[in-house]
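Here is a short, informal tour for anyone meeting this structure for the first time. Have a look around, then read on.

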Amino acid sequence: MTKGVAYICSKCGAALSVENLQEWNGRMLKTCPYCHYVESIEEDPQVAAERIKSQRISQIENRRMDIQEREMRRERFKKPEWLQETIEIFGPMVLVFGSIFLIIGLLIFWNIHPPEDAGYYRGKEVTEAVRSFRDAGFFRVSTIPIEDGRNIGRVDHVTINGESEFYANSVFLLHGRSEYGRNAQVVIYYHTEKPK
């Protein structure tokens with residue numbers, strides 16, 4: 001709004017200054033500080049054009065400042081150049097060696113060992129043998145009864161994946177195995193009463 005424009009209250013005739021003007025919903029209102037009368041005014045087209053132009057310039061300036069602020073934030077969190085170069089040089093090597101160590105770790109921890117040697121279970125309680133294998137990490141444990149009437153409820157022999165010779169955590173093996181995958185099938189054969 002230009003300073004040279006004089007406004008007069010149409011109710012009491014008081015002279016109004018530019019400070020008594022305000023914009024509301026796209027219209028200019030003048031408010032009389034003496035009688036508090038509010039009325040809309042018709043703006044001079046040149047004044048309206050200047051007001052719209054100044055508003056548009058203000059919006060553009062605010063947008064430019066937002067963009068600058070975003071750029072400054074981006075620069076603040078940008079990686080230093082030496083770090084970027086280090087990542088580009090050593091990143092692929094770290095990825096390759098990390099993958100190798102991960103695979104080795106999975107192979108080491110994926111395989112499990114029998115809790116005891118095969119001979120240990122002969123004559124033990126069948127429930128004790130089942131619990132022992134499940135606690136060691138084997139989840140496919142089943143039992144098969146041998147109906148002979150001897151040593152009822154006691155283990156005759158155990159197989160892992162069909163092998164009856166296995167060892168617990170033994171490094172120096174002449175024959176048999178000490179490592180199995182977690183899905184290995186454990187079958188515990190035990191004695192029950194003779195059928196009548």
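Let's start with a pairing. Strand S8, which covers residues 185-192, runs parallel to S6, and eight bridges link the two. Keep in mind as you look that this is a predicted model.

Two of the bridge partners are easy to find. Arg 140 has Gln 185 in S8 as its partner, and Thr 143 is matched with Ile 188, also in S8.

S8 has a neighbour on its other side too. S7 and S8 run antiparallel, with five bridges between them. Here you can look for Val 155, which sits opposite Tyr 190 of S8. In general, the strands of a sheet pair through backbone hydrogen bonds, in either a parallel or an antiparallel way.

Put these pairings together and you get an open sheet of three strands, in the order S6-S8-S7, with mixed pairing. The edges are S6 (140-147) and S7 (155-160), each of which pairs on one side only. From one strand to the next, the twist averages 20°. Helix H3, made of residues 126-136, packs on this sheet and touches S6, S7 and S8. The direction of H3 makes about 170° with that of S8.

How many of the eight residues in S8 are buried? Six of them are, so the strand counts as mostly covered, given that buried means under 20% relative accessible area. Thr 192 belongs to this strand. Thr 192 counts as buried because its relative accessibility is 17%. Setting aside residues up to four places away in sequence, Thr 192 touches Pro 145, Ile 146, Glu 147, Asp 148, Gly 149, Arg 150 and Ile 152.

Now for the whole chain. Three helices and eight strands make up its secondary structure. Reading from the N terminus, the elements go β-β-β-β-β-α-α-α-β-β-β. There are 196 residues in the chain, and 22% of them are buried. The chain exposes about 14,600 Å², with carbon and sulfur atoms supplying 57% of that area. What about contacts between distant parts of the sequence? Take the contacts between residues at least 6 apart: 62% of these join residues at least 24 apart.

Moving to the early strands, find Leu 16 in strand S2 (residues 15-16). Is Leu 16 buried or exposed? Leu 16 is buried, because its relative accessibility is 7%. Leaving out neighbours within four places in sequence, Leu 16 is in contact with Tyr 7, Ile 8, Cys 9, Lys 30, Thr 31, Cys 32 and Pro 33. One of those contacts, Lys 30, is 14 residues away from Leu 16 along the chain, and their C-alpha atoms are separated by 8.0 Å.

Next, helix H2, which spans residues 81-110 and includes Phe 101. Phe 101 counts as exposed because its relative accessible area is 59%. Phe 101 also helps to make a nonpolar surface patch of about 900 Å². The other residues of the patch are Ile 89, Phe 90, Met 93, Val 94, Val 96, Phe 97, Ile 100 and Ile 104.

Two loop residues deserve a look for their backbone angles. His 36 lies in the loop between strand S4 (27-31) and strand S5 (38-40). Its phi is near 60°, a positive value in a residue that is not glycine. Asn 161 is placed in the loop between S7 and S8. Asn 161 is not a glycine either, yet has a positive phi of about 55°. As for cover, His 36 is exposed because its relative accessible area is 60%, while Asn 161 counts as partly exposed because its relative accessibility is 43%.

To finish, here are the residues picked out along the way, with their accessibility side by side.

| Residue | Relative accessibility | Class |
|---|---|---|
| Leu 16 | 7% | buried |
| His 36 | 60% | exposed |
| Phe 101 | 59% | exposed |
| Asn 161 | 43% | partly exposed |
| Thr 192 | 17% | buried |

Technical notes. Residues numbered from 1 in each chain as written. Predicted model: local features only at pLDDT ≥ 70, side-chain atom pairs only at ≥ 80, totals over all residues. Heavy atoms only, no water. Pairing = 2+ DSSP bridges. Helix = DSSP H or I, 4+ residues; strand = E, 2+ residues; numbered from the N terminus. Axes fitted to C-alpha atoms, helices over the stretch in contact; angles between N-to-C directions. Contact = heavy atoms within 4.5 Å. Buried < 20%, exposed > 50% of the residue type's maximum accessible area, 1.4 Å probe, protein only. Patch = residues over 30% accessible without salt bridge, like charges linked within 9 Å, V, L, I, M, F, W, Y side chains within 5 Å. Areas by Shrake-Rupley, 256 points an atom, 1.4 Å probe, with all protein chains shown as cover. Salt bridge = Lys/Arg side-chain N within 4 Å of Asp/Glu carboxyl O.
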